[in-house]
Amino acid sequence: MDNRKTVLSAIQPTGDMHYGNYFGAVKNWVRLQDSYQCFYGVVDYHAMTMPFNPKTLRENTWELIFNLLATGIRPENLFIQSLVPEHAELCWVFNCFTSFGQLTRMTQFKDKSAQSGEDGFISAGILDYPVLQAADILIYRADYVPVGKDQEQHLELTRNIAERFNNQVGKEYFVLPETIYTEVPKVMSTADPSRKMSKSAGEKHYINVFADDNRIRKQVRSAVTDTGDTPEGAMSPGVANLFELLKAAEHTAVRESLLADYHSGQLKYVDLKDAVAEALIGISTEIRNRRADLNAHKKEVKDQIRQSTEQIRKRAQETIRDVKDLAGLMNVKF
Ligand code: AMP
């Protein structure tokens, strides 16, 4: 019996892993493994909510698994969502405990539905995926959810669903999960520091953790610094974001010295950018090297993840059994 508190978090296999994902969430995931029982999912059902290619979805799922392992996530803590179909089952139950109006007010729904393709198609999945996310979290009865700040509203929804379920069945079954943020919970795009670093905004808006050194250097060098419209005395968002990246990379001494230059009016942006680029390249090099080692054992790694998913699934099955009992649904005997 494992008495440690439980942590759950997840990431979509929609292509590259960027420094928003890494500094906002994944870096914390690695650290938390020492103190908590951790479940980390590659959530492929979520990747279907935006236009996707069935041929590449599976490849992207494995790619992300290998990438996460390369950052230091342990295989026994990793699972693939579509191998745990109970997530989708709990999502249905939770749909019936979710306010339609609240879903339409989600910022990410508004953002993502605004990005619909030329045919104007917006899937019901885009509206409903926060409910699937609530199921992802609550199916493991997670105490803590380490995510970026962009997920705050979805976590609130998760707690609302848990409370509504508990009230209706007359039992405090689900604990209300809390978020854990990193020191830098919102990494901004270097190309446009008014928006968050994200894949969906396009290639120039994110720095891929697996990019080669030249690409990282080029992207950081072209970062927006001063746009001339920052109020007198305030640090411009682009410069602030570069300092945040240095903080996230834990290059403390360099950061302090550059900050002192900034305050005395001596800072050269090129020095700040070079420091950020070197910090990111250092992290990327380590992760890329570990990834190369894993590539040499592809089959073993995949088998290991299939096994860990089976193991993790047992906890999801327990929850579904309890939920069906509590909600008056039928249970087959496992
Ligand atoms: P996603 O790529 O949307 O599946 O997100 C995976 C994780 O990365 C989630 O915990 C997000 O909150 C986090 N994340 C994504 N983009 C950023 C960002 N720009 N800053 C901080 N965290 C982020």
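A residue counts as buried under 20% relative accessible area, as exposed over 50%, and as partly exposed in between. The exercises below concern a predicted model.

**Exercise 1.** Determine whether Lys-186 is buried, exposed or partly exposed.

*Solution.* Step one is to take the relative accessible area of Lys-186, which is 44%. Step two is to apply the cut-offs: under 20% is buried and over 50% is exposed. Lys-186 is therefore partly exposed.

**Exercise 2.** Describe where Lys-186 lies in the chain and which residues it touches.

*Solution.* Begin with the secondary structure: Lys-186 sits in the loop that runs between β5 (178–180) and α8 (213–221). Next, leave aside residues up to four places away in sequence; Lys-186 then touches Lys-149 and Lys-196. Finally, consider Gly-20, which is separated from Lys-186 by 166 residues in sequence, while their C-alpha atoms are 7.1 Å apart in space.

**Exercise 3.** Assess how compact the protein chain is.

*Solution.* First, list the elements: the protein chain has twelve helices and five strands. The globule rule gives 20 Å for 334 residues, and the radius of gyration of the protein chain, 21 Å, is close to that value, so the chain is as compact as a globular protein of that length. The C-alpha atoms occupy a box of roughly 70 × 45 × 45 Å along the principal axes. Then turn to the contacts between residues at least 6 apart in sequence: 77% of them join residues at least 24 apart.

**Exercise 4.** State what share of the protein chain is buried.

*Solution.* Of the 334 residues in the protein chain, 49% are buried.

Terms used. Residues are numbered from 1 along each chain as its sequence is written. This is a predicted model: local features need pLDDT of at least 70, side-chain atom pairs count only at pLDDT 80 or more; totals for chains, interfaces and linings use all residues. Side-chain values use heavy atoms; hydrogens and water are left out. Helices (H or I, at least four residues) and strands (E, at least two) are DSSP runs, numbered from the N terminus. The radius of gyration is taken over C-alpha atoms; the globule rule is 2.2 Å times the number of residues to the power 0.38. Buried means under 20% relative accessible area, exposed over 50%, partly exposed in between (1.4 Å probe, protein chains only). Contact means heavy atoms within 4.5 Å.
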